[in-house]
Amino acid sequence: MGIHTHTPPHTHTFPITHTLFPSLCSRGIMGNLLKVLTCTELEHGPIVFLDFEHAQPTEAETAVWNQVSAVLEEAHGILAELQSYNGAGQEIREAIQNPNDLQLQEKAWNAVCPLVAKLKRFYEFSLRLENALRSLLEALTSPPYAPMQHLEREQALAKQFAEILHFTLSFDELKMTNPAIQNDFSYYRRTISRNRLNNQQLEAENEVNNEMANRMSLFYAEATPMLKTLSNATTKFVSENKTLPIEDTTDCLSTMACVCRVMLETPEYRCRFTNTDTMLFCMRVMVGVIILYDHVHPVGAFAKTSKIDVRMRNAQRIRSAPNLNAIFLPFPRHRYTTRHLNDDSTSKQIRALLQ
């Protein structure tokens, strides 16, 4: 596999179109959201500009950068496959409605098997993404440097971290709006179980055996499986590195969120972007980092003691924004990708704003 080369300034590894946030800029919503998602530090602006467009690895970054690039170069293809995932709903319905029609049973099975193989590739990619994230966390939190120093010294790695977050939110948005994924996999597992009871083994079992199917089932049962993978990986990274204070990791996340926020709302930084889509990329990364911080930090992102201070400014106007829920990925029944939003420590105003 070839090493991923630097993306030209006018593109991103994960292109962001205005369809992701259809009217953020036109309605001034982005500026208002930034006023809500502010931070307790860096009030006078960052001492570092994260160059999401032109950052190139230094010699010290090259080993980790190459490792992560080998994973990231697959990400666009994964998103494209997921976006075009149509499922086998019709074939499955016909098979269920006509249980004695062997031809329809075979038709449904033949339609589902290649889709399950695709779902297996997605799951296996999440494991590779987890390892890539761990490598980046090791590089961006290692002593003796502070989080801001790491971001300044390792711009290319910070950019890769941002690209992972962007991929994660994009993948989970597509997954949450496609019920065919779980329907297809459930039908696959039921068919396997039924044939096992009849002492029959289907060829597809050789590719997705029972152990793999169990792990995939847990993965796709999550509303946001990629984010769950990243949050678990980050939590595991913290617990396994007992000599590294948890603050080193959470400070890395909060600092990146704050830097993104100040870059977006400060004209002299914002004008350095050569592509208007970079602003949306930066905003998306900021939101992703906040969500990840909320999963990893003991009290989350919404408590008063959090280093990411969620403030109530222009609350009524933001609450009416049609795109706010799209950014925060609402679940059915008001379940959000955030972990601590509904905690008692979160103010009622903030909960009301983001629900």
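Buried means under 20% relative accessible area, exposed over 50% and partly exposed in between, with a 1.4 Å probe and protein chains only. The model is predicted: local features need pLDDT of at least 70, side-chain atom pairs count only at pLDDT 80 or more, and totals for chains, interfaces and linings use all residues. Residues are numbered from 1 along each chain as its sequence is written, and side-chain values use heavy atoms, without hydrogens and water.

**Exercise 1.** Classify Tyr-220 and Phe-219 as buried or exposed, then classify their ring pair.

Solution. Step one: Tyr-220 has a relative accessible area of 3%, so Tyr-220 is buried. Step two: Phe-219, at 6%, is buried. Step three: rings of Phe, Tyr and Trp (its six-membered ring) pair if their centres lie within 6.5 Å; planes under 30 degrees apart are stacked, over 60 edge-to-face, the rest tilted. The centres of Phe-219 and Tyr-220 are 4.9 Å apart with 85 degrees between the planes, an edge-to-face pair.

**Exercise 2.** Classify the ring pair of Phe-125 and Phe-167 and place both residues in their helices.

Solution. Step one: a search of the whole structure finds 10 aromatic pairs. Step two: in one of them, Phe-125 and Phe-167, the centres are 5.2 Å apart and the planes at 70 degrees, so this pair is edge-to-face. Step three: Phe-125 lies in helix H4 and Phe-167 in helix H6 (residues 155–176), 42 residues apart; helices are DSSP runs (H or I, at least four residues), numbered from the N terminus. Step four: Phe-125 is buried at 2% relative accessibility, and Phe-167 is buried at 0%.

Definitions and conventions
Helix = DSSP H or I, 4+ residues; strand = E, 2+ residues; numbered from the N terminus.
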